[in-house]
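Open the model in your viewer and keep the sequence panel beside it. This tour goes from one selection to the next and says what is there.

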Amino acid sequence: MASISDYYAGKSVLITGATGFMGKVLVEKLLRSCPEVHALYILVRPKAGQSMQERVKDMMKCKVFDRVREENPDFHKKIVPISSELTQPGLAISPEDVEKLTACVNIVFHCAATIRFDEPLKHALQLNVIATQQLLSLAQQMHHLEAFIHVSTAYANCNRRHIDEVIYPPPVEPKKLIDSLEWLDEGIVRDITPRLIGDRPNTYTYTKALAECVVQQESTKLNIGIIRPSIVGASWQEPFPGWIDNFNGPSGVFIAAGKGILRTMRANNDAVADLIPVDVVINLTIAAGWYTAVHRPKSVLVYNCTTGGINPFHWGEIEHHVMSSFKRNPLEQAFRRPNANITSNYLINQYWILVSHKFPALIYDLFLRLSGQKPQMMRIFNRLHKAIGLLEYFSSQDWEWNSENMSMLMSQLTPEDKKTFNFDVRQLNWPEYIENYCIGTKKYVLNEDMSDIPAARQHLRKLRNIRYTFNTILLVFIWRVFIARSQMARNIWYFVVSLCFKFLSYFKASSTLTN
């Protein structure tokens, strides 16, 4: 049987979401590990005043392509951008581009989606469900299509505790919901959204479940595979350890903790933190494309791409390793020393938010106002609390995922492919991975230089000294207030002082006798 690299040789691949985090890693991996691939067609939309060509040019300057750039400086010639807009009919692909794609594409990787948890339902439905429908319709016109791989999420069915590698019945028939919401006012849709999503935590997981149903409905006409990653984090090994380019998910929480802004978070210390490195997801995705095309399974194969059931790591352990890493490799200009704590108790969490978040933010904003600057810390903390609130559902409970298809696929790979497209999470060393993840946020998200670590450590020592001084002054002030008001406090103070004096006298006498 041909290896994965041999299979992709001469193939034309269509990728959606190529300018996103996972999409970049997918493009890079295909170009580097499948160097004979014919072409990568990527759907791109103009954004923020940039044309499609400018966005692709910026993407190819990204550090993630450094390795493939060294091996093949002309790698960009295999990337063919296609102007598209997922919110428009027919994905806004021109007739000429449709003709080009239907004539040559062999594999489709559908990675595009909105990952915002608080996305308005109509918009989430458009991007995650309707766009998937339209891409499937385009795929059915492709004359040489061999595989369609849809990237979903392990939390599409998070209302269940045990999740098998099957497509579950949808919460509602997608077509009925689409038809109903089409004529409803945005305000009405917003009001009824909690009733619609039911026991799911947000519109993201709800619409991803609907998208899986849409994919299944087309499974009789196409060879389809579904990848369900859990919480996608920084790279484990490729293109280099710790690569990350965004604040999404745990990355923003890690950075906030490293900066000393995040001091408390509500989560279950003993709950499994089902992080999955992005390169594991991409290696599995490419391998699933190969298997789907070569073996043509009779039904849709779903791959739960998770770590919890195979190599579990808990939120309490993550908190320990993140704090340790940022103390060894501190971020520049930290607000406070890294010292975040996880608690599952709501009242304790609210207490620490008040004492360690809001009170320091108010003091700092007051200082900024007095110095003629614009206050900002309270606004930063409000945004942080909102982001953490959206994650609480996933950090406070456990799920059990069946991963038999993932194991089956691994057994089908040659020894060489197992090394090149490694998705065996049993080999993942969590402390090392978390260390690289934290360093990755420093280097690639915040663009901080590792050579500045000594200065950052000196800044942390300065913050420590300020904290000790402030605490000492506060303690003395409070105690003096009690001494001034209470005879009992004075008696205790005199007793402690006399005890210290006696101890010092005894120590001095002992030293004299020894000499």
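Begin with a stretch that has a database label. Select residues 357–448: over this range the chain is 70% helix and 2% strand. The C-alpha atoms at its two ends are 25 Å apart. In UniProt, an unreviewed entry gives residues 357–448 the feature "domain: Fatty acyl-CoA reductase C-terminal". Bear in mind throughout that the model is predicted.

**The whole chain**

Zoom out and show the full chain. Its C-alpha atoms fill a box of roughly 95 × 60 × 45 Å along the principal axes. Colour by secondary structure to see 19 helices and 13 strands. Of the 515 residues in the protein chain, 51% are buried. Take the contacts between residues at least 6 apart in sequence: 83% of them join residues at least 24 apart.

Now colour by domain. Domain 1 covers 4–229 + 274–312, domain 2 covers 245–272 + 313–398 + 426–448, and domain 3 covers 452–514. How far apart do the C-alpha centres of domain 1 and domain 3 lie? The distance is 61 Å.

**Strand β4 and its partners**

Select strand β4, residues 107–110. The side chains of I107 and F109 point one way, while V108 and H110 point the other way. All of these residues are buried. A general rule applies here: in a regular strand the side chains alternate between the two faces of the sheet.

Add strand β1, residues 12–16, which pairs with β4 in the parallel sense over four bridges. To find one of the pairings, select T16, whose bridge partner in β4 is H110. Then add strand β5, residues 147–151. β4 and β5 also run parallel and are joined by four bridges. Here V108 has F148 of β5 as its bridge partner.

**Strand β11**

Move on to strand β11, residues 301–305. Five of its five residues are buried, so the strand is largely enclosed by the rest of the structure. Which residues of β11 point one way, and which the other way? L301, Y303 and C305 point one way, and V302 and N304 the other.

Add strand β7, residues 224–229: it runs parallel to β11, and five bridges join the two. One pairing to look for is I227 with Y303, its bridge partner in β11.

**Helix α7**

Select helix α7, residues 174–182, and show its side chains. Its buried residues are P174, L177, I178 and L181. Turn the view until you look down the axis of α7: the buried residues fall within an arc of 100°, so they line one face of the helix. The face turned away from this buried side carries K175 and K176, which are exposed.

What covers the buried residues of α7? Among the elements that do so are α6 (121–140), α8 (186–197) and α9 (203–217).

**Two buried polar stops**Select S33, which is found in helix α2, residues 21–33. Is S33 buried or exposed? S33 has a relative accessible area of 11%, so it counts as buried. Leaving aside residues up to four places away in sequence, S33 touches S5, T420 and F421.

Next select N349 in helix α13, residues 346–370. N349 is buried, with a relative accessible area of 3%. Show what N349 touches, again not counting residues up to four places away in sequence: T264, M265, R266 and T343. Then pick the C-alpha atoms of N349 and R263. These two residues are 86 apart along the chain, and their C-alpha atoms are separated by 9.7 Å.

**The cysteines**

Finish by showing the cysteine side chains. A disulfide is a covalent bond between the sulfur atoms of two cysteines. How many disulfides does the structure hold? The count is zero. Select C104 to check one case: the nearest cysteine sulfur is that of C34, 17 Å away, and C104 is in no disulfide. C158 is in no disulfide either, and the nearest cysteine sulfur to it, that of C213, is 17 Å away. The relative accessibility of C158 is 1%, so C158 counts as buried.

Methods. Residues numbered from 1 in each chain as written. Predicted model: local features only at pLDDT ≥ 70, side-chain atom pairs only at ≥ 80, totals over all residues. Heavy atoms only, no water. Disulfide = S-S within 2.5 Å. Buried < 20%, exposed > 50% of the residue type's maximum accessible area, 1.4 Å probe, protein only. Contact = heavy atoms within 4.5 Å. Pairing = 2+ DSSP bridges. UniProt positions renumbered as here; feature names shortened; annotations may be inferred. Arc of directions from axis to C-beta. Domains from an automatic or database assignment.
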